[in-house]
Amino acid sequence: MKKIVMIDTEIDPSGLHCSKFTHLVSQSLKREKGNQFRPSHGTICAEILDQFLEDYELINIEALPNENLGKRKAMGSIQALREALEICLDLKADIVSISAATTLLSDSAVICDLAFKLSQTSILVAALDNHGFVSLPASYPFVIGVQADRAGFLKPGELACRREDEAGAPLYAGCGQNTQSGFSYSPSNSFAVPVAAAWCGRILERGGDVFGACESLPRYPFENRPADTSLWAHPPGTIPRVTLEGPDSVSICRRAMDRLYQAYQVQAAALSWERESGDIRIREGKDGALKEEIQCMETRYKTDILFFLTCGSFSNTIKEKIEPNLEIRTDGEGTRIFYETNCVSVSEEKLADTGS
């Protein structure tokens with residue numbers, strides 16, 4: 001019997017067939033008073049899971065407030081999610097189902113290390129943002145990111161995989177029908193997660209490898225889906241572009257991005273051709289695909305500034321193609337910012353403050 005943790009709103013277990021049910025509450029959760037929608041978001045997710053899995057233990061960690069009248073969806077805090085993940089470490093769950101997402105890239109500093117630690121003992125299954133933006137924790141490479149098959153290629157309960165998904169959520173799940181208690185739900189990434197979590201549970205019951213099984217799933221026919229540019233994060237070419245050239249550019253960029261958010265609430269993302277950055281904000285670019293990589297950054301990342309981390313002769317090629325608003329160089333002559341016809345020398349510590 002597999003132990004599954006569902007981090008969500010409060011769940012009503014009366015319609016479930018699980019062998020055991022436990023309800024826990026994140027201490028950081030701010031519970032709201034007033035009339036609540038029924039069923040709750042968590043209850044629908046639990047009943048979807050229940051349709052596709054048998055003989056399991058369910059633990060509900062309430063980390064999202066139940067939806068009050070007048071609100072479309074539950075909105076939680078990154079601190080409550082972190083606390084829920086901390087609780088999971090002690091529970092030794094087989095699967096952690098998270099039908100919640102944050103597109104605030106700087107939230108990664110709050111949950112990344114903890115989520116990675118949890119992923120060493122549990123399978124994490126998480127929803128991509130419903131607009132397709134890079135989101136946490138779904139976009140982490142050690143998490144199984146899930147999105148709904150809104151195009152209707154899959155039947156409820158079926159799964160497919162698109163390994164090269166730009167937002168890092170390769171698993172697609174067919175969902176959208178009535179639960180056993182008669183609750184009607186339409187396809188959404190939140191409701192795709194329990195479908196995928198149930199599938200993971202069945203794989204584990206057979207002693208299989210979940211990540212390996214993902215690779216064996218049918219390919220999702222993404223190219224046949226209608227394009228929807230209304231969901232783009234930004235119109236192409238509207239995000240300020242900054243090139244950063246010099247040794248240790250990845251570390252310098254990370255510190256600058258931290259400072260931009262902490263001091264100015266400015267979100268930043270970067271495109272780099274170096275390997276193993278370990279930061280969700282820094283995307284590893286593919287050689288020979290600059291146009292496609294820029295489009296991905298502009299449409300799938302919620303960012304206010306886009307850095308390009310360049311080096312050597314490759315730097316001039318990038319600058320010619322992107323026409324940066326600012327150029328930053330760090331070398332033996334110090335750190336210099338070039339813009340229009342001006343050049344400013346700054347210390348690395350003041351880089352973000354001067355550039356802003």
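**Close-up views of a predicted model**

**View 1. Helix α4 has the length expected from its residue count.** Helix α4 covers residues 189-205, and because each residue should add 1.5 Å, its 17 residues should span 24 Å, which agrees with the 25 Å that separate its end C-alpha atoms. The model shown here, as in the views that follow, is predicted. Helix α4 is mostly covered, with 15 of its 17 residues buried, and it is followed by G207, a residue whose phi is positive, near 80°.

**View 2. Strand β12 is mostly covered.** The strand comprises residues 268-272, and five of its five residues are buried. A268, A270 and S272 point one way from β12, whereas A269 and L271 point the other way, and all of these residues are buried. In a regular strand, side chains alternate between the two faces of the sheet.

**View 3. Strand β12 pairs with β14 and with β13.** With strand β14 (residues 305-310), β12 pairs in the parallel sense over five bridges, and within β14 it is F308 that serves as the bridge partner of L271. Strand β13 (residues 282-284) also runs parallel to β12, to which it is joined by three bridges, and here L271 stands opposite R283.

**View 4. Seven strands form an open sheet with mixed pairing.** The order of the strands across the sheet is β13-β12-β14-β11-β15-β16-β17. The edge strands are β13 and β17 (342-346), each of which pairs on one side only. Averaged over the sheet and with direction ignored, neighbouring strands are turned by 20° against each other.

**View 5. Helices α6 and α7 pack on the seven-stranded sheet.** Helix α6, which covers residues 249-264, touches β11 (241-245), β12, β13, β14 and β15 (326-331), and its direction makes about 165° with that of β14. Helix α7, which covers residues 290-300, packs on the sheet through contacts with β11, β12, β13 and β14, and its direction makes about 165° with that of β12. Strand β12, whose five residues are buried, is thus among the strands touched by α6 and among those touched by α7.

Notes:
Residues are numbered from 1 along each chain as its sequence is written. This is a predicted model: local features need pLDDT of at least 70, side-chain atom pairs count only at pLDDT 80 or more; totals for chains, interfaces and linings use all residues. Side-chain values use heavy atoms; hydrogens and water are left out. Buried means under 20% relative accessible area, exposed over 50%, partly exposed in between (1.4 Å probe, protein chains only). Helices (H or I, at least four residues) and strands (E, at least two) are DSSP runs, numbered from the N terminus. Two strands pair if DSSP finds at least two bridges between them. Axes are lines fitted to C-alpha atoms, for helices over the stretch in contact, and angles run from 0 to 180 degrees between N-to-C directions. Contact means heavy atoms within 4.5 Å. The expected span of a helix is 1.5 Å times one less than its number of residues.
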